[in-house]
Amino acid sequence: MQTITPAFRQALTTSHRMAVRVDAYYAGALVLPNLPVADGAVTLDRGSKVRRSLSLTVPDLTLLPWDATDPLAVYGQELVVSRGIPFASGTEWVPLGTFRIDEPSADVRMGPITLTGKSAEVKIQDDRFLAPTSTRGYPTCMDVITYLIHQTDPTATIVNATSDHRNPAVPVATWNAQSDRWDAVTQTARAMNAEIYCDATNRFVITDSPNVLLSSVVWDIAEGEGGTLMSAARTMSRASVYNAVQVSGENTSSNSTPVSAVVYDDEPTSPTRWGGPFGRVPKFYSSALMTSSAGCEAVAESMLFDATAPNIQTSIAASPNPALEPGDVIRLRYAGRRNLFLVQSLTIPLTATGTSSLTLRGGKEDAS
């Protein structure tokens, strides 16, 4: 969760005075401040290759792009989006992301302009390898990640935010021409037993995989007087729930022996236990960066914790919290229950009256 002041935190539960700011940039320069906004939303999804996506409706038809350098064209133009609360001393802003414009469109006579955008992971995805690319000469995982990202964007900020700032050695591995560069980046982060994404301030951040039992609760959502939960709809799904993970690695560049490890949900009381009524649902992951059985097992254990978490979708009508991030742990008090959940995805509306919807994973009872 992004850091916010106590005043902003209090205002989230008591105020509906929300402001939105969207600024357009081209080639690093501000070209259109405070873009008019009629509607829109920012969606954050931990399960997507692109963490943040934008949909926006602009009422001013004069901003429909016709030339390559127009503020809302698709030739590298970006939108920086923030949401805030006005105070007597000024507006406190929380960033929601920087988005490359992908597809503006409009009826040229009636309008309005609608457009979509994506966060900076998409730049790395688009820049597929033109030739085979190797980790040779880059001794650690952070060296490789920095090299791969800076080839595409030399100015990108990359932050190792893992709890122990770990940076293990990386074996020699090669990705073929035409391979997805972002896949190579995420594979290297996975070899660190971590995940990587672009955050709200446009940095590439490497973090620990979240754990609903170990991470601090960053937000309380409750029903009743004084709570922010106005309504909730609950759906349980088997989608993306597994009870075994096999991690394997075969690295011909390092002349290493193929390795693998399998871990199972073998907790006797677990509803997803391997061989129980849930059935057998294995998940597979393979990477040339996995060169030891111990490394495979560590990654598999991390992936299994996430894979066995119940997939529960809860739609919440409440004042949105723009500081929430996928992977944050929240406490939900509703229907006489207190449960801890991981935020898997959420949508932040760009209108004062909009509500957020959250997809949650975990559903562990809060015993505190």
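Hi everyone, let's begin with Ala27, which sits in the loop between β1 and β2. Before I go on, please keep in mind that this is a predicted model.

What is the phi of Ala27? It is near 55 degrees, a positive value in a residue other than glycine. Ala27 is also exposed, because its relative accessibility is 71% and the cut-off for that word is over 50%. The loop belongs to the hairpin of β1 and β2, which has two residues between the strands.

Let's look at those strands. β1 covers residues 19-26, and it pairs with β5, residues 78-87, in the antiparallel sense over seven bridges. If you want one pair to find on the screen, take Arg21, whose bridge partner in β5 is Ser82. β1 also pairs with β2, residues 29-32, again in the antiparallel sense, over three bridges. There, Tyr25 stands opposite Leu30 in β2.

Moving along the chain, we come to Ala38, in the loop between β2 and β3. Is Ala38 buried, exposed or in between? Its relative accessibility is 42%, so Ala38 counts as partly exposed. Ala38 and Pro59 are 21 residues apart in sequence, yet their C-alpha atoms are 5.9 Å apart in space. Beyond its neighbours within four places in sequence, Ala38 is in contact with Thr57, Pro59 and Thr351.

Two more backbone details deserve a stop. Gly111 and Pro112 are joined by a cis peptide bond, with omega at about -5 degrees. Pro112 lies in the loop between β6 and β7. Then there is Gln178, a residue other than glycine with a positive phi, near 80 degrees. You will find Gln178 in the loop between β10 and α4, and with a relative accessible area of 63% it is exposed.

Now for the pockets. How much space lies in the largest pocket? The value is about 920 Å³. It is lined by 33 residues, and the closest to its centre are Arg46, Gly47, Ser48, Arg190 and Lys283. Several elements each supply at least two residues of this lining, including α4, β11, β14 and α5. Which element gives the most? That is α4, residues 181-191, with six residues of the lining. By class, the lining of the largest pocket divides into ten nonpolar, 13 polar and ten charged residues.

The second largest pocket holds about 520 Å³ of space. Among the 23 residues lining it, those closest to its centre are Met1, Tyr197, Thr207, Gly327 and Asp328. The elements that give two or more residues here are β11 and β12, and the largest share, three residues, comes from β12. This lining has nine nonpolar, seven polar and seven charged residues.

Let me finish with the cysteines. How many disulfides does the structure hold? Zero. Take Cys296 as an example: the nearest cysteine sulfur, that of Cys141, is 14 Å away, whereas a disulfide needs two sulfur atoms within 2.5 Å. Cys296 is buried, because its relative accessible area is 0%. Cys198 also counts as buried, at 0% relative accessibility.

That's my tour, and I'm happy to go back to any of these places on the screen.

Notes:
Residues numbered from 1 in each chain as written. Predicted model: local features only at pLDDT ≥ 70, side-chain atom pairs only at ≥ 80, totals over all residues. Heavy atoms only, no water. 1 Å grid on protein atoms, 1.4 Å probe; cavity = no way out; pocket = protein on both sides within 12 Å on 5 of 7 lines; lining within 4 Å. Points joined across faces, edges and corners; volume = space filled by probe spheres on them. Helix = DSSP H or I, 4+ residues; strand = E, 2+ residues; numbered from the N terminus. Nonpolar A, V, L, I, M, F, W, Y, C, P; charged D, E, K, R; others polar. Buried < 20%, exposed > 50% of the residue type's maximum accessible area, 1.4 Å probe, protein only. Pairing = 2+ DSSP bridges. Contact = heavy atoms within 4.5 Å.
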